[in-house]
Amino acid sequence: MPGFLWDCWPCLEIRAVLCAMGCIQSIGGKARVFREGITVIDVKASIDPIPTSIDESSSVVLRYRTPHFRASAQVIMPPIPKKETWIVGWIQACSHMEFYNQYGEQGMSSWELPDLQEGKIEAISDSDGVNYPWYGNTTETCTIVGPTKRDSKFIISMNDNFYPSVTWAVPVSESNVAKLTNIYRDQSFITWLVATNTSTNDMIVLQTLHWRMQLSIDVNPHRPLGQRARLREPIAQDQPKILSKNEPIPPSALVKPNANDAQVLMWRPKYGQPLVVIPPKHR
C-alpha cells in the first residue's frame, strides 16, 4: 500500500509536461469532487519514449521488451465516519488484441482471446489474476479503513509492458530450424481509476484512460543469430488519452478470467486446419 501524503501538490493546472521520461499527459485544474466527497487532484499517464528492445541471445526464442505504460493519480478521501473500508485503485481491461507470429509460407501462430474476438464481450480483465478486479495490490491500490478523523491523501500508480518470447522455429514442428519472419502486435486497453466501498460494493469511476501498444518486427531467419530482427514502425508509441468523460466498466472487466488465463495460442497453417498449441488456462 502506498504511504499517505499530507501535502497537496501545488501544480493544479491542466498541462502537458515534458520530463525525463517523455511526454506525460496530465489533467488537474479544478479539483474534481465525486460522490462521497472523494477528490481527484491529479492524474498522469504516459508511455516511455523509447523503442521496443529486441533480444536474440537465445537460440530457441526471440524476446522483445516494449516501453512501459505508466499511470498515477493523487486522491483525497474525506473522513470516513463509519466502520467501513474503501479501496481506491486501478482496474484495467484489454479491449482489442492482434498478436501474430509469421513463419514464412508455412503459416502463423496467433495468441487469441476468443470471446473478445467474437464480440461476446466488450473487454476482458487484465487483473493480476489474484486480486480481482484490481490490476495489482501494491502501488496499484490503497485501502482506507474507517472510521477516520481526517482526510487521507495518497498517490496510486501502475505500470504495464510486454516481455514475451517467440520461438524461432515453427511451434508445432519437431525441427529447431529458424523460420520466423515477422511479429505483429496491436493491443488496446482501457484503464479506470476507481473507488469502491467493500461493505456496500458501491463503485465510483474517478477517471478513464485509453492506451495502445503497437509493434512490428521483421525477421530474416537466414541471418546469423544476433542479426536477424529489425524493428519497424511505429518506433514511438502514441501517448495515452485521459478522457474528459468517464466510461462505464463492462462486467467482463471485473471478473475471471483475466486475459492471461483466457488466451489461447493457435497455429494457423497456410494449408490445412488450425491447431491449438496452448489451450486457455481458464475453461
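Is glutamate 105 buried, partly exposed or exposed, and what is its relative accessible area? Glutamate 105 is exposed, with a relative accessible area of 58%. That residue is a handy starting point for a walk through this predicted model, beginning with its charged pairs.

## Salt bridges

Glutamate 105 has a partner: lysine 270 forms a salt bridge with it. The two sit in separate loops, lysine 270 between β18 and β19 (275-278) and glutamate 105 between β8 and β9 (107-112), and they are 165 residues apart in the chain. Lysine 270 itself is partly exposed, at 45% relative accessibility.

The count of salt bridges in the model comes to nine. Here are three of them, with the distance between the closest N and O atoms.

| Positive partner | Negative partner | Closest N and O atoms |
|---|---|---|
| Lysine 270 | Glutamate 105 | 2.4 Å |
| Arginine 70 | Aspartate 48 | 2.8 Å |
| Arginine 232 | Aspartate 218 | 3.5 Å |

In the pair of arginine 70 and aspartate 48, strand β7 is linked to the loop between β4 (39-47) and β5 (53-55), with 22 residues separating the partners. Arginine 70 is partly exposed, with a relative accessible area of 29%, whereas aspartate 48 is buried, with 10%.

Aspartate 218 belongs to strand β15, and arginine 232 to the loop between β16 (229-231) and β17 (241-242), 14 residues apart. Arginine 232 is partly exposed at 39% relative accessibility. Shared partners join Asp218, Arg230 and Arg232 into one salt-bridge network.

## A buried charge without a salt bridge

Now look at glutamate 84, in the loop between β7 (69-77) and β8. Glutamate 84 is buried yet has no salt bridge. Why not? The nearest side chain of opposite charge, lysine 82, is 5.1 Å away, and a salt bridge needs the nitrogen within 4 Å of a carboxyl oxygen, so this pair does not count. What glutamate 84 does have is a polar contact, side chain to side chain, with asparagine 197 at 3.3 Å.

## Aromatic rings

The whole structure holds five aromatic pairs. One of them is stacked: tyrosine 100 and tyrosine 184 lie 6.2 Å apart, centre to centre, with 10° between their planes. Because tyrosine 100 is in strand β8 (residues 85-103) and tyrosine 184 in strand β14 (residues 182-197), this pair ties together parts that are 84 residues apart in sequence. Tyrosine 100 is partly exposed at 29% relative accessibility, and tyrosine 184 is partly exposed at 30%.

Strand β8 also contributes tyrosine 103, which meets tryptophan 267 edge-to-face, at 5.9 Å between centres and 65° between planes. Tryptophan 267 lies in strand β18 (residues 264-269), so the pair ties together parts 164 residues apart. Tyrosine 103 and tryptophan 267 are buried.

Ring pairs also link Phe69, Phe162, Phe189 and Trp211 into a cluster. Charged side chains lie over rings too: arginine 185 over the face of phenylalanine 99, 4.2 Å from the ring centre, and arginine 228 over the face of tryptophan 168, at 4.6 Å.

## The nonpolar interior

In soluble globular proteins, nonpolar side chains tend to be buried together. Here the largest nonpolar core has 54 residues, and those with the most contacts inside it are Val88, Trp90, Ile183 and Leu193. Strand β15 (residues 203-219) gives the largest share of this core, eight residues. Apart from it lies another core, of ten residues, among them Ile87, Ile91, Val194 and Ala253.

Technical notes. Residues numbered from 1 in each chain as written. Predicted model: local features only at pLDDT ≥ 70, side-chain atom pairs only at ≥ 80, totals over all residues. Heavy atoms only, no water. Core = buried A, V, L, I, M, F, W, Y, C linked by side-chain atoms within 4.5 Å. Buried < 20%, exposed > 50% of the residue type's maximum accessible area, 1.4 Å probe, protein only. Helix = DSSP H or I, 4+ residues; strand = E, 2+ residues; numbered from the N terminus. Phe/Tyr/Trp six-rings, centres within 6.5 Å; stacked < 30°, edge-to-face > 60°. Lys NZ or Arg CZ within 6 Å of the ring centre and 35° of its normal. Lys, Arg positive; Asp, Glu negative; His and termini not counted. Polar contact = N/O pair within 3.5 Å; in protein donor to acceptor, adjacent residues only side chain to side chain.
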